[in-house]
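User: Could you take a close look at one part of this model for me? I would like to know how a pair of strands is put together and what lies on its surface.

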Amino acid sequence: MNLEMGPNGKWTFNSIQRFLQGTPDLFTADLPGNNVVRGERQSVIGGYIQDAFRVFPNLTINLGVRYE
C-alpha cells in the first residue's frame, strides 16, 4: 500500500509540454478500498479578542490577542 498516494492518484509528466497538453507519461492509483487513510479529520478551537484605545483624537491603537 502506498500511503503517499493522493485520492486522485499520482500523475507523472516528463516535460512541461506534456503537462500543458494534459497527457501524462504515467498514472498510478490505489484500487478502491486499499487506502484506509482517507477521511482523517481534525478539530481546532480558538478565540480572538480585540479592543481599540484612543490615545489622542488623531491616534487610535488597536490590540488583539489570539489563542488556539
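Analyst: **The S3–S4 hairpin**

Phenylalanine 53 sits opposite isoleucine 61 of strand S4. Happily, that pair leads straight into the part you asked about. This is a predicted model, in which local features need pLDDT of at least 70 and side-chain atom pairs count only at pLDDT 80 or more, while totals for chains, interfaces and linings use all residues. Residues are numbered from 1 along each chain as its sequence is written, and side-chain values use heavy atoms, with hydrogens and water left out.

Strand S3 covers residues 47–56 and strand S4 residues 59–67, and the two pair in the antiparallel sense over 9 bridges. Strands here are DSSP runs of E with at least two residues, numbered from the N terminus, and two of them pair if DSSP finds at least two bridges between them. A hairpin of 2 residues links S3 to S4.

Now for the surface. Phe53, Val55, Phe56, Leu59, Ile61 and Leu63 make a nonpolar surface patch of about 530 Å². S3 and S4 are the elements that give two or more residues to this patch. Patch members have over 30% relative accessible area and no salt bridge (a side-chain nitrogen of Lys or Arg within 4 Å of a carboxyl oxygen of Asp or Glu), and nonpolar side chains (Val, Leu, Ile, Met, Phe, Trp, Tyr) are joined within 5 Å. The areas come from the Shrake-Rupley method with a 1.4 Å probe, and for residues only the protein chains shown count as cover.

Phenylalanine 56, in strand S3, counts as partly exposed because its relative accessible area is 48%, between the limits of under 20% for buried and over 50% for exposed.

How values were computed. Helix = DSSP H or I, 4+ residues; strand = E, 2+ residues; numbered from the N terminus. Patch = residues over 30% accessible without salt bridge, like charges linked within 9 Å, V, L, I, M, F, W, Y side chains within 5 Å. Buried < 20%, exposed > 50% of the residue type's maximum accessible area, 1.4 Å probe, protein only.
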